[in-house]
Amino acid sequence: MEVVVTMIDLHTHSSVSDGTDTIEELVGKAGQAGIEILSISDHDTMDGVDLAQELGAKAGIEVLRGMELSTHHTTGAGSTSIHLLAYGCDPTSEHIITLLRDLTEARESRVPKMVEVLNGLGLELTVEEVEAQSSVASVSGRPHVADAMVARGYVASREEAFATYLSEEGPAYISRYTPCLNEAIELIHQARGVAVLAHPWGRGSQEVLDATEIEKLVGDYHLDGIEVDHVDHDDQARMVLRGLAEDLGLIITGSSDYHGLGKTRNPLGVNTTPYDIYERLKSTIEERGGRP
Ligand code: AMP
Ligand code: FE
Ligand code: FE
Ligand code: ZN
């Protein structure tokens, strides 16, 4: 019997947020990489999805509506930033429109503050220079500040900008409004979408969002899935998360988190999701009346 292997990558970023490829380039590169089902999951916006679906249809690539929401989770062990993948949300949902507007406003007001801190550290930089780096984006973020620092020659790469200035521990870090994780899961469900934790045990968030907390998110808020196969998870994290997700009956995805040149360890298709899981994800969206 012929075995048909479908390449499915459900977490990618375009220049609509902090990826470096335009939607056209991203869909083109996905085709070259042999991706047959692709989700565009830009940070806090779905603005690139319609065009990607149009171009994907011409190129024979199915494009699933996605988005990666910035949230936070707080317990007795502390507070951590958590990313949440939202698949198939109805973009006309009032709940989603309000949330995305608040997130975008918070992002915009943060840029001048970061620039001011950097100026105070002796680095000359203007808001306009950051805006030039995010000119095609719907949302501005630390990666665009990093790009402006690279353009000035202060650092060699985004990675170096984060390591020396912009990470949460860095001297130029400014926090911004994010909804709490529980609230974001509820909003996704109100918009009839599917909520999947993005790389939950990458970058040290495991201490706050441990297995017990994940169980609570499923029991109390009906979290739908976990992104298990991701470059930020080592083998041990993947094994434990996979076991946990299986016990809880969750959707288990694997994806690249591609950012173009913005991240070097995340080429398209480096991690993928099996077809049967994709079918379950899509049919869940359809049953809820969402917009895949
Ligand atoms: P923001 O949403 O503006 O707070 O920026 C967070 C984004 O910066 C994340 O979604 C990542 O894409 C990117 N990022 C975080 N840490 C790093 C890093 N060490 N190197 C490169 N990009 C990073
Ligand atoms: Fe990003
Ligand atoms: Fe993320
Ligand atoms: Zn991402």
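## Helix α3 and T104

T104 sits in helix α3, which spans residues 94-120. The model is predicted. T104 has a relative accessible area of 19%. The cut-off for buried is under 20%, so T104 counts as buried. Setting aside neighbours within four places in sequence, T104 contacts S138 and V139.

## The zinc site

Four residues coordinate the zinc ion (ligand 4): H11 through NE2, H13 through NE2, E68 through OE and D257 through OD. The distances run from 2.1 to 2.2 Å. Along the chain, these donors follow the spacing H-x1-H-x54-E-x188-D.

What is the arrangement of the four donor atoms around the zinc ion (ligand 4)? It is irregular, because the donor atoms subtend angles of 79 to 174°. A tetrahedral call would need all angles between 85 and 135 degrees. Ideal tetrahedral angles for four donors are 109.5 degrees.

The zinc ion (ligand 4) lies 4.7 Å from the iron ion (ligand 2). Within the zinc site, H11 belongs to strand β1 (residues 8-12) and E68 to strand β4 (residues 68-75). The pair therefore ties together parts that are 57 residues apart in sequence. H11 is buried, at 0% relative accessible area. E68 is buried as well, at 1%.

## The iron site of ligand 2

D18 (OD), H43 (NE2) and H259 (NE2) are the protein donors of the iron ion (ligand 2). They lie 2.0 to 2.2 Å from the ion. Their spacing in sequence is D-x24-H-x215-H.

D18 comes from the loop between β1 and α1 (23-32). H43 comes from the loop between β2 (37-40) and α2 (49-59). The two residues thus tie together parts that are 25 residues apart in sequence. Both D18 and H43 are buried.

## The iron site of ligand 3

The iron ion (ligand 3) takes its protein donors from E68 (OE), H83 (ND1) and H199 (NE2). Their distances from the ion are 2.1 to 2.3 Å. The sequence spacing reads E-x14-H-x115-H. A gap of 5.6 Å separates the iron ion (ligand 3) from the iron ion (ligand 2).

E68 in strand β4 and H83 in strand β5 (residues 78-87) link distant parts of the chain, 15 residues apart. E68 and H83 are both buried.

## A shared donor

E68 appears in two sites. Its OE is a donor to the zinc ion (ligand 4), and E68 (OE) is also listed for the iron ion (ligand 3).

Note on methods: Residues are numbered from 1 along each chain as its sequence is written. Chains are lettered from A and ligands numbered from 1 in the order in which they are written. This is a predicted model: local features need pLDDT of at least 70, side-chain atom pairs count only at pLDDT 80 or more; totals for chains, interfaces and linings use all residues. Side-chain values use heavy atoms; hydrogens and water are left out. Donors are N, O and S atoms within 2.8 Å of the metal (3.2 Å for Na, K and Ca); water is not among the atoms, so sites may look incomplete. Four donors count as tetrahedral if all angles lie between 85 and 135 degrees; four count as square planar and six as octahedral if opposite donors are over 155 degrees apart and all others between 65 and 115; anything else is irregular. Helices (H or I, at least four residues) and strands (E, at least two) are DSSP runs, numbered from the N terminus. Buried means under 20% relative accessible area, exposed over 50%, partly exposed in between (1.4 Å probe, protein chains only). Contact means heavy atoms within 4.5 Å.
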